[in-house]
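Biologist: I am new to this structure and should be grateful for a close look at a single part of it. Please describe the sheet, and then what lies around it.

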Amino acid sequence: MDKQKTVMFDLDGTVLDTLPDLALSANYALKKLGFPEQSTEQVRMAIGHGIRNLLRTLMGCEDEKILEECRSIFQEYYNKNKTLTTKPYDGVIHLLKALKDKGIRIFLISNKYDGATQELVAHFFGNIFDGVYGSRENVLAKPDRAMFDLVCEEHNLDKDGVVYVGDSEVDCEFARNCNMDFIGVSWGFRRKEELKASGAKIIADSVGELKSAILP
């Protein structure tokens with residue numbers, strides 16, 4: 001892969017290990033509404049399409065009123081408890097600084113609702129990213145390319161020569177829809193075999209390997 005001038009990152013499972021806090025909050029909301037709690041593994045596999053879809057999968061429920069009530073309970077609880085155990089993956093902050101030192105612009109695009117995305121990134125990474133984008137009501141979420149187009153427009157980015165780094169089939173499809181190169185990371189919410197099955201051609205097993213893939 002040629003040296004990239006712009007790199008975009010996913011959040012959950014890519015730069016931040018958020019799974020325990022997400023599972024805690026999801027099960028709190030499920031329990032409040034009388035639904036059975038789910039294992040951390042079940043939560044892990046349901047992450048990727050935003051909170052509403054996460055809860056829909058865990059609940060096995062299509063009633064929009066109940067889903068909205070569950071989402072509201074989840075969000076209120078998660079907003080208060082989202083940093084209990086969440087932390088950056090080892091080496092990620094060093095990698096981000098190394099990319100910036102090379103003059104590479106870095107952005108974050110997540111399907112997590114924008115408020116939590118902004119707060120988590122500010123808490124753990126300060127202002128290191130050139131732009132941070134979470135899910136917004138008026139912009140279609142990944143894997144649709146709408147957020148990519150918005151970021152490029154707002155920051156006057158050349159849409160060629162951009163790489164996306166993520167940990168799921170949603171991220172792989174997003175990169176494909178945007179004609180971005182994709183690097184999968186195997187330390188997140190999907191296993192290496194699942195990333196390969198999604199079409200990922202480059203998969204990093206460590207932050208060191210990720211750095212080498214971006215800066216060969």
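**The sheet and its surroundings**

Modeller: Pro 143 is found in the loop between β5 and α7, and this loop offers a convenient way in. The model is a predicted one. The peptide bond that leads from Lys 142 to Pro 143 is cis, and its omega is near 15°.

On one side of this loop is β5, which belongs to an open sheet of six strands. The order of the strands is β5-β4-β1-β6-β7-β8, and their pairing is parallel. The edge strands are β5, residues 131–135, and β8, residues 203–204, each of which pairs on one side only. Within the sheet, β1 (residues 6–9) pairs with β6 (residues 162–166) in the parallel sense, over four bridges. Val 7 has Val 163 in β6 as its bridge partner.

On the other side of the loop is α7, which spans residues 146–154 and packs on the sheet. Helix α7 touches β1, β4 (105–113), β5 and β6. The direction of α7 makes about 150° with that of β5.

Beyond α7, the chain enters the loop between α7 and β6, where Asn 156 is found. The phi of Asn 156 is near 50°, a positive value in a residue other than glycine. Asn 156 has a relative accessibility of 72% and therefore counts as exposed.

A positive phi also occurs at Asn 179, again in a residue other than glycine, with a value near 60°. Asn 179 lies in the loop between α8 (169–177) and β7 (181–185). The relative accessible area of Asn 179 is 66%, so this residue is exposed.

A contact between two helices completes the description. The axes of α3 (residues 51–59) and α4 (residues 64–81) come within 10 Å and cross at roughly 115°. The two helices are therefore roughly perpendicular to one another. Their crossing is right-handed. From α3, the residues taking part are Ile 51, Arg 52, Leu 55, Arg 56 and Met 59. They meet Glu 64, Ile 66, Leu 67, Glu 68, Cys 70, Arg 71 and Phe 74 in α4. The residues of this contact divide into seven nonpolar and five charged, with no polar ones.

Definitions and conventions
Residues numbered from 1 in each chain as written. Predicted model: local features only at pLDDT ≥ 70, side-chain atom pairs only at ≥ 80, totals over all residues. Heavy atoms only, no water. Pairing = 2+ DSSP bridges. Contact = heavy atoms within 4.5 Å. Axes fitted to C-alpha atoms, helices over the stretch in contact; angles between N-to-C directions. Parallel < 35°, antiparallel > 145°, perpendicular 65-115°, else oblique. Left-handed = near helix turned anticlockwise from the far one by under 90°. Nonpolar A, V, L, I, M, F, W, Y, C, P; charged D, E, K, R; others polar. Buried < 20%, exposed > 50% of the residue type's maximum accessible area, 1.4 Å probe, protein only.
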